[in-house]
Amino acid sequence: MRGKLAVLMGVVVIAIAGCGDDDDGDTAAQEAAGQPVATLDVVETDFEIDPKNATVDEEGLIEINLANEGETVHYLTIETPGEEIPQTSEELDPGNDTVFDVELDSGEYVWYCPVGNHRQMGMEGTLTVGGG
């Protein structure tokens, strides 16, 4: 009985392995389309952004792991030339973190915390993408 069960299980495994989608081979390209070209870890405190200046080698989707280690609310805003509204993360209460995805072309961008006078107190830097 065990021998027949083993053969049956083998047939099931082979049948399942043979099943797949009838994709034209675009699966890898489709999956890669939403993947970040870089991931940055950014920490906001009272009143600094670390790193103050960062560089990403390629343009595209950039994933920013943003943490607020300060004692007040912070955001991260990236000014994008030609757009009226800069790209801004969600509000971060003290001790919280978030993932902030931003699509950027090659260039140099100013990033800062827009809360009150935090920017003027030193929470400002640059993000250089693709060599600037």
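**Salt bridges, a histidine pair and a charged patch**

In this predicted model, the side chains of Arg119 and Glu79 meet in a salt bridge, with 3.4 Å from nitrogen to oxygen. Arg119 lies in the loop between E8 and E9, while Glu79 belongs to the loop between E5 and strand E6 (87–88), so the pair ties together parts of the chain that are 40 residues apart in sequence. Both partners fall into the middle class of accessibility: Arg119 is partly exposed, with a relative accessible area of 26%, and Glu79 is likewise partly exposed, at 31%.

Arg119 also takes part in a salt bridge with the side chain of Glu124, and here the distance from nitrogen to oxygen is 2.8 Å. Glu124 has a relative accessible area of 30% and therefore counts as partly exposed. The count of salt bridges comes to two, and Glu79, Arg119 and Glu124 are linked in a network of such bridges.

We can now turn to a neighbour of Arg119 in the numbering. His118 is found in the loop between strand E8 (107–112) and strand E9 (124–129). Is this residue buried or exposed? His118 has a relative accessible area of 7%, and because buried means under 20%, the residue is classed as buried. The side chain of His118 makes a polar contact, at 3.1 Å, with the side chain of His74.

Another loop to look at is the one between strand E4 (60–68) and strand E5 (77–78), where Thr72 is found. With a relative accessible area of 27%, Thr72 is partly exposed. Its C-alpha atom is separated by 9.6 Å from that of Phe47, although these two residues are 25 residues apart along the chain.

The last stop is on the surface, and it concerns charge. Which residues gather there in a patch of negative charge? They are Asp57, Glu58, Glu59, Glu103 and Asp105. Of these, Glu103 can be placed in strand E7, which covers residues 97–104. The relative accessibility of Glu103 is 54%, and because exposed means over 50%, Glu103 counts as exposed.

Taken together, these places can be followed one after another in the structure: the linked salt bridges of Glu79, Arg119 and Glu124, the contact between the side chains of His118 and His74, and the patch of negative charge on the surface that includes Glu103.

Technical notes
Residues are numbered from 1 along each chain as its sequence is written. This is a predicted model: local features need pLDDT of at least 70, side-chain atom pairs count only at pLDDT 80 or more; totals for chains, interfaces and linings use all residues. Side-chain values use heavy atoms; hydrogens and water are left out. Patches are made of residues with over 30% relative accessible area and no salt bridge: like charges are joined within 9 Å, nonpolar side chains (Val, Leu, Ile, Met, Phe, Trp, Tyr) within 5 Å. Accessible areas come from the Shrake-Rupley method with a 1.4 Å probe; for residues, only the protein chains shown count as cover. A salt bridge is a side-chain nitrogen of Lys or Arg within 4 Å of a carboxyl oxygen of Asp or Glu. Lys and Arg count as positive and Asp and Glu as negative; His and the chain ends are not counted. The place of a charge is taken as NZ of Lys, CZ of Arg, CG of Asp or CD of Glu. Helices (H or I, at least four residues) and strands (E, at least two) are DSSP runs, numbered from the N terminus. Buried means under 20% relative accessible area, exposed over 50%, partly exposed in between (1.4 Å probe, protein chains only). A polar contact is a pair of N or O atoms within 3.5 Å; within protein, one must be able to donate a hydrogen and the other to accept it, and residues adjacent in sequence count only if both atoms are side-chain atoms.
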